[in-house]
Number of protein chains: 2
Amino acid sequence: MLVIGERINGMFKDVAKAIQEQDKKVVQELARGQLAAGAGALDVNTGAAAADPRPAMQGLVETIREVTDAPLAIDTTKPAVMEAGLKAAGPGSIINSTTGQQARLAVLMPMAKAYDASVICLTIDEKGVPRDAAGRAEIALRIVSAAMENGVDMPDIYIDPVVLPANVAQPAVKEVPTSIRDIRLLSEPPPRTVVGLSNISQGTMYRRLINRTFLVMAVAAGLDAAILDPLDAEMMDAMITTELLMNKNVYCDDYLKAYRASSSG
Amino acid sequence: MLVIGERINGMFKDVAKAIQEQDKKVVQELARGQLAAGAGALDVNTGAAAADPRPAMQGLVETIREVTDAPLAIDTTKPAVMEAGLKAAGPGSIINSTTGQQARLAVLMPMAKAYDASVICLTIDEKGVPRDAAGRAEIALRIVSAAMENGVDMPDIYIDPVVLPANVAQPAVKEVPTSIRDIRLLSEPPPRTVVGLSNISQGTMYRRLINRTFLVMAVAAGLDAAILDPLDAEMMDAMITTELLMNKNVYCDDYLKAYRASSSG
């Protein structure tokens with residue numbers, strides 16, 4: 001499974017401060033630390049800290065590129081900032097994100113093609129987030145069509161069925177694992193699935209417990225990727241164990257150690 | 001979800017010793033402790049410790065009955081020991097267990113009817129444990145037929161799709177959640193599902209992590225009951241959180257405390 005490390009995001013205080021003070025070391029340490037903990041890609045989000053987000057994104061990407069060639073997920077809603085990030089990061093990057101709205105797909109799918117990037121696509125349209133898995137599948141199908149029209153390969157499409165916080169949208173939570181199963185049936189080869197994990201526990205009392213429990217449910221449903229904090233070792237243990245039980249990796253007694261040795265190589 | 005506490009079993013050293021020395025206190029403490037931790041029923045197994053298992057089962061059940069009226073799962077392969085246990089425990093007990101073999105079903109289904117007991121039925125037949133979920137469904141269907149023929153209500157049937165250890169039967173593990181989903185479709189109302197959890201981690205290095213991760217996967221698939229050690233608080237936290245995320249209990253900030261307050265009432 002692809003773990004996309006969430007920590008290089010201006011919404012975290014340490015990163016906001018580092019961006020403002022142009023302190024490369026904090027960012028580079030977070031890049032190295034997340035990769036060593038099992039991340040295969042790194043999310044990059046300038047947050048609200050930067051006065052001008054375009055050079056801020058470019059600077060942040062270049063700072064990370066000094067220490068790793070790992071794929072970067074350029075995390076912004078602004079197309080111009082996205083393009084600056086993709087240019088600086090190079091081919092194999094991830095667009096994070098587009099919704100299923102035609103106007104956005106019409107801009108970001110061609111951009112994915114032009115920059116040889118994958119795309120995270122949220123199952124959100126003009127009416128917002130659908131109530132159930134069926135509504136998510138409908139939007140996912142529109143995303144799959146847009147990808148085909150633009151010549152973007154299915155394995156480069158990451159559909160995110162949108163996790164809502166358990167404390168405000170409890171009945172919607174179980175729709176996500178169902179949706180992950182549904183999305184895998186939409187085409188052959190199927191698009192991939194991804195979740196932004198930490199949203200599930202926003203405002204709750206037991207954030208880490210809820211995060212890792214929901215992650216197990218999603219991985220068991222066939223999840224391909226997740227944006228999460230790989231520095232949470234208990235969460236990574238739960239994820240690695242679920243993949244083992246789903247027969248994705250071969251059993252050995254110290255499978256936790258084996259996984260970490262192979263992923264941080 | 002029904003938690004059946006596994007600790008009163010002669011395979012555990014403390015219990016074997018208590019049975020041999022007729023030390024009621026150890027057993028009664030385990031009964032109270034498991035119920036307080038969230039168990040709704042208690043498994044009772046004399047193990048190999050007793051020279052004559054029939055009076056041993058009767059004595060063990062009577063010892064527990066001095067401190068609680070909770071349902072007991074009489075855990076033995078011997079019909080005569082089962083009957084002694086059911087008599088001593090009273091109506092509402094659980095037969096643990098029968099397989100899907102006709103000869104065993106022909107004895108234990110009428111016994112369930114006669115003693116107003118539920119029955120745990122393993123999806124095992126003359127050929128052993130099936131390789132996949134489809135094979136398990138076939139045996140489960142035979143179990144459902146046998147229950148109908150004997151007038152045992154579906155909610156009193158607990159079908160166990162048989163968990164094999166992850167270290168020796170890794171590819172079989174993921175068949176169990178699939179099987180849990182399948183079994184719920186066999187009749188209306190459906191039979192219930194149960195697993196004997198700790199088997200998943202036999203001989204492995206990270207027993208508790210594997211136990212609780214697999215439990216999340218099974219509960220997310222719709223599991224109705226599990227035989228497990230409720231004194232493992234991290235496992236209970238994972239189970240309670242999964243039920244919350246599956247919308248089985250209403251969210252409140254301290255849902256762990258709320259669950260425990262209501263279950264140990």
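**Symmetry.** I laid chain B on chain A and got an RMSD of 0.0 Å, with a turn of 180 degrees and a shift of 0.0 Å along the axis; the fit is by least squares on the C-alpha atoms of residues with pLDDT of at least 70 in both copies. The two copies are therefore related as by a two-fold rotation axis. In chain B, I found Met217(B) to have the C-alpha nearest the axis, 2.9 Å from it. The same surface serves both copies, since 100% of the contact residues of chain B recur in chain A (contact: heavy atoms within 4.5 Å).

**Basis.** I am working from a predicted model, in which local features need pLDDT of at least 70 and side-chain atom pairs count only at pLDDT 80 or more, while totals for chains, interfaces and linings use all residues. Residues are numbered from 1 along each chain as its sequence is written, chains are lettered from A in the order in which they are written, and side-chain values use heavy atoms, without hydrogens and water.

**Core.** I looked up the largest nonpolar core (buried Ala, Val, Leu, Ile, Met, Phe, Trp, Tyr and Cys residues joined through side-chain atoms within 4.5 Å) and noted 154 residues. Met109(B) is among those with the most contacts inside it. Leaving aside neighbours within four places in sequence, Met109(B) contacts residues including Val119(B), Cys121(B) and Ile157(B).

**Cysteines.** I noted Cys121(B) as buried, at 0% relative accessible area, and Cys252(B) as partly exposed, at 32% (buried is under 20%, exposed over 50%, partly exposed in between; 1.4 Å probe, protein chains only).
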